[in-house]
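Good morning, colleagues. Today I would like to present one protein–ligand model, beginning with the surroundings of the ligand and ending with the fold. Please look at the structure on the screen.

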Amino acid sequence: MKFFSQAKIDTKELQSFVDLASSRRSVRSFDSGQQIPKETLEKIADAGRWAPSGANSQPWEICVVEDPERVREVAAVMASQADRLNDHCKGFPHVHKKHWVHDSVALIAVFVDPRWAETYPVALDSDLDRTEYMENRSNILLVSVGAAIQNLQLATTAAGLTSAWLSGGGEPQTARDLQGLLGFPPTHIPYGIVPIGWPRRKAESRWRRPISEVVHWNKAAGANLRSQQDIDHYLAKERRHSIYKDAQARDEHVEKAASDGEIDVVDDGTP
Ligand SMILES: Cc1cc2nc3c(=O)[nH]c(=O)nc-3n(C[C@H](O)[C@H](O)[C@H](O)COP(=O)(O)O)c2cc1C
């Protein structure tokens, strides 16, 4: 009772957390060199370890790569992954300096063993299991992993470092390369690779949908739900400006693209 009577919202702590969350940025240019203390990297990994997961399965192994030679090897794998992506997924915006990852001071590879999805709800009625639960088991696995990677990134930001989130480790060729390099068996897939480094410059802002459109109070605000047309438009006109540019530059480009259909190259966020 006493506890509840004293409860109050800690608005200051809440605001500093929101500030931290909004200042986390995917940064793709690091100042190379200066090592990150091992204790700092372990703290960052610890934040990942505390993430929630379906059935508390903790389906991840958090591999911290900080030996400079090993960092170079992992960076080389990710640079090849970027080359393959740029060759095969034409049209997907990419950064010109695709080898920026070589400036990472450390990398955290989050390996996931999907067999842990077996620990999520299974209906004993097999028909119902297929329609209701089976697919959701992989959703539970993936969102759990997302929570862990997000924690790693937030902790990195809190330490004054910057990071990015590379999903290419989930591609089979890259997964095999990383498994071989880091000694993980084929059961373990590196769904997230987080290069960490010293920010080369202050992290820019990034476009977000306005809060009044994203947040639905008590029921769906139907007018704010995005349609297939919005997805098509994003793909055709906005995506290439929205991933790497700061928010203001993005808005200017999108406005220009809407008025004259201009197509510009994707940059790497360097001012
Ligand atoms: C699941 C996931 C996969 C991502 N994969 C990549 C990636 O492979 N390469 C990359 O440069 N950024 C990747 N990103 C980063 C996004 O592009 C970035 O979060 C988004 O553009 C918003 O920018 P911000 O993180 O700076 O706010 C990924 C992010 C998520 C959540």
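The shell around the ligand draws on two domains: at least three of its residues come from domain 1, residues 23-202, and at least three from domain 2, residues 204-265. I should state at once that this is a predicted model.

Which residues make up these surroundings? They are Arg24, Arg25, Ser26, Arg28, Trp165, Leu166, Ser167, Arg206, Arg208 and Ile243. By character, the shell consists of five charged, two polar and three nonpolar residues.

Let me turn to individual polar contacts. An oxygen atom of the ligand has a polar side-chain atom of Arg24 at 2.9 Å. For Arg25, an N or O atom of the side chain is 2.8 Å from a ligand oxygen atom. Trp165 takes part through its backbone, where a polar atom lies 3.1 Å from a nitrogen atom of the ligand. As for burial, the ligand taken alone exposes 620 Å², of which the protein buries 67%.

Where does the ligand sit? Its site is the largest pocket.

Finally, the fold. The protein chain contains nine helices and five strands. Read from the N terminus, the order of elements is α-α-β-α-β-α-β-α-β-α-β-α-α-α. Along its principal axes, the C-alpha trace of the protein chain spans about 55 × 50 × 50 Å.

To close, I return to the ligand: its shell includes residues of both domain 1 and domain 2, and the ligand occupies the largest pocket. Thank you for your attention.

Note on methods. Residues numbered from 1 in each chain as written. Predicted model: local features only at pLDDT ≥ 70, side-chain atom pairs only at ≥ 80, totals over all residues. Heavy atoms only, no water. Near = heavy atom within 4 Å. Polar contact = N/O pair within 3.5 Å; in protein donor to acceptor, adjacent residues only side chain to side chain. Areas by Shrake-Rupley, 256 points an atom, 1.4 Å probe, with all protein chains shown as cover. 1 Å grid on protein atoms, 1.4 Å probe; cavity = no way out; pocket = protein on both sides within 12 Å on 5 of 7 lines; lining within 4 Å. Sits in = over half its atoms within 2 Å of the grid points. Nonpolar A, V, L, I, M, F, W, Y, C, P; charged D, E, K, R; others polar. Domains from an automatic or database assignment. Helix = DSSP H or I, 4+ residues; strand = E, 2+ residues; numbered from the N terminus.
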